[in-house]
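Let's take a stroll through a protein model and see how its parts fit together. Have the structure open as you read.

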2 protein chains.
Amino acid sequence: MQYSCLMAVDRDHVLRSAAALLTRKATATMDEVAKAAGISRATLHRQFAGRDALVRALEALGIEECEAALDAARLDDGTAQEAVRRLVGELERSAGLLAFLYTENQLFEGDGQHEGWARIDVRVAALFRRGQESGEFRIDLSPAWLTEALYGLMASASWAVTEGRVAAKDYHHMIVGLLLGGALRREEP
Amino acid sequence: MQYSCLMAVDRDHVLRSAAALLTRKATATMDEVAKAAGISRATLHRQFAGRDALVRALEALGIEECEAALDAARLDDGTAQEAVRRLVGELERSAGLLAFLYTENQLFEGDGQHEGWARIDVRVAALFRRGQESGEFRIDLSPAWLTEALYGLMASASWAVTEGRVAAKDYHHMIVGLLLGGALRREEP
DNA sequence: TGCATATGAGACAAGAATGTCTCACACGAC
DNA sequence: GTCGTGTGAGACATTCTTGTCTCATATGCA
């Protein structure tokens with residue numbers, strides 16, 4: 001019967017479709033989500049009890065991908081600067097989903113956010129702190145702010161690409177270039 | 001009878017209250033908006049035909065404050081770097097409202113966004129372009145991206161301050177410091 | 001072929017938010 | 001005092017979304 005396998009595959013496909021749709025239209029209906037996934041609303045409800053459950057599943061997916069990206073980026077290897085570059089590269093695939101979840105968290109106050117985000121925040125902030133302690137990064141910008149700025153730049157870049165204001169191929173360089181180097185021109189690159 | 005005067009005062013007060021509330025809870029109800037403004041839902045409906053009208057009025061207010069900030073910042077005076085610093089300072093008061101409108105624009109696709117934003121985008125992008133042409137800013141980051149990044153950093157900083165992750169007093173330095181200088185430590189500040 | 005399971009389509013009620021309406025009341029002007 | 005105007009409170013219908021339900025159908029396995 002291959003219960004778990006079939007279920008898992010469908011579930012993942014639905015989640016991907018939902019993420020792609022909600023990234024563009026955060027207020028999409030359950031009916032629209034179902035149509036986007038190519039299934040009926042009834043089936044969508046059978047897999048996710050309700051809209052909340054769907055969003056929470058997306059959140060879990062986002063956290064999972066984030067932590068996978070954090071692992072793959074090997075934040076403790078090499079210089080902090082190199083680690084940041086790797087991290088942005090690893091997170092690029094999930095940028096749309098993360099942008100959606102980022103605003104979703106701002107949108108609905110309270111309810112206490114998922115502990116997973118706190119774990120991720122800690123790891124990213126630790127990377128920036130490591131860069132400060134090694135002398136790579138300036139110390140007048142707190143790790144918390146650099147972490148927040150990374151999220152914000154990723155979301156902005158994701159939207160800008162979606163709306164065609166910037167080119168998708170520049171995604172990585174735009175974020176890393178600005179986050180690390182800033183807009184000012186320097187003598188020695 | 002002082003028609004216009006009284007109406008204008010109330011209208012402005014309602015808009016300010018709505019902006020303050022919607023900044024924290026973007027999905028607030030018309031009833032909540034009315035309560036926040038200290039008026040009844042009926043009166044709110046008399047001033048703004050509906051939720052759309054309210055949001056569009058807030059958008060007009062945001063555009064107005066943005067353009068006022070652009071004027072006050074005298075973008076053509078002095079170095080581009082100084083102009084950016086002045087601009088961020090002038091926009092700080094409106095940061096919450098602008099963060100709300102920024103996400104609102106991402107949230108509801110299509111419907112064609114207000115032309116005012118295009119005018120503002122042009123002016124901000126022109127500032128970054130001026131900085132590039134004068135040799136102050138690096139040229140591998142497009143003015144369009146720098147503009148988008150400014151919005152994203154302002155929104156991120158606004159949320160981070162609201163949620164207490166960073167201090168409000170650091171707002172200006174966080175944005176300007178990162179946008180212009182980036183995270184990397186430099187030999188000559 | 002026969003059976004089980006998952007799905008799609010649609011009906012249905014419940015809830016929330018909106019927009020419109022009426023009515024009573026307070027306030028200021030005359 | 002009286003009138004006109006704006007306001008608050010609340011009722012009401014409407015709309016949209018959601019969540020649950022039933023039933024017919026297709027797909028896969030024995």
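## Where the two chains meet

Let's start at the meeting point. Between chain A and chain B there are 23 residue pairs in polar contact, counting pairs with both residues at pLDDT 80 or more. Keep in mind that this is a predicted model.

Which helices of chain A each supply at least two residues of the side that touches chain B? They are α6 (95–107), α8 (143–162) and α9 (171–181). The largest share comes from α8(A), with 11 residues. As for the chemistry of this side of chain A, its residues divide into 22 nonpolar, 11 polar and 12 charged.

## Contacts, area and salt bridges

How many residues take part in the contact between the chains? On chain A there are 45, and they are in contact with 44 residues of chain B. Put the chains together and about 4,500 Å² of area is buried between them, with carbon and sulfur atoms giving 60% of that.

The interface also has 2 salt bridges by the rule used here. You can look for the one that A:Glu148 forms with B:Arg165, where the closest N and O atoms are 2.6 Å apart.

## A helix with a buried face

Now move to chain B and find helix α2, which covers residues 30–37. Its buried residues are B:Met30, B:Val33, B:Ala34 and B:Ala37. Why do these residues line one face of the helix? Look down the axis of α2(B): the buried residues fall within an arc of 100°, so they sit along one face.

Just after α2(B) comes B:Gly38, which takes a positive phi of about 75°.

## Two residues to click on

First up is B:Ser17, which you'll find in helix α1 (residues 3–24) of chain B. Is B:Ser17 buried or exposed? Its relative accessibility is 14%, and because the cut-off for buried is under 20%, B:Ser17 counts as buried. If you skip its neighbours within four places in sequence, B:Ser17 is in contact with B:Ala36 and B:Ala37. You've met B:Ala37 already, as one of the buried residues of α2 in chain B.

Next is B:Ala144, in helix α8 (residues 143–162) of chain B. B:Ala144 has 34% relative accessibility, so it counts as partly exposed. Now look for B:Val124: B:Ala144 and B:Val124 are 20 residues apart in sequence, and their C-alpha atoms are 8.7 Å apart in space.

Methods
Residues are numbered from 1 along each chain as its sequence is written. Chains are lettered from A and ligands numbered from 1 in the order in which they are written. This is a predicted model: local features need pLDDT of at least 70, side-chain atom pairs count only at pLDDT 80 or more; totals for chains, interfaces and linings use all residues. Side-chain values use heavy atoms; hydrogens and water are left out. Buried means under 20% relative accessible area, exposed over 50%, partly exposed in between (1.4 Å probe, protein chains only). Helices (H or I, at least four residues) and strands (E, at least two) are DSSP runs, numbered from the N terminus. The arc is that of the directions from the helix axis to the C-beta atoms. Contact means heavy atoms within 4.5 Å. Buried area is the accessible area (1.4 Å probe) that two parts lose on being put together, summed over both. A salt bridge is a side-chain nitrogen of Lys or Arg within 4 Å of a carboxyl oxygen of Asp or Glu. A polar contact is a pair of N or O atoms within 3.5 Å; within protein, one must be able to donate a hydrogen and the other to accept it, and residues adjacent in sequence count only if both atoms are side-chain atoms. Ala, Val, Leu, Ile, Met, Phe, Trp, Tyr, Cys and Pro count as nonpolar, Asp, Glu, Lys and Arg as charged, and the others, Gly among them, as polar.
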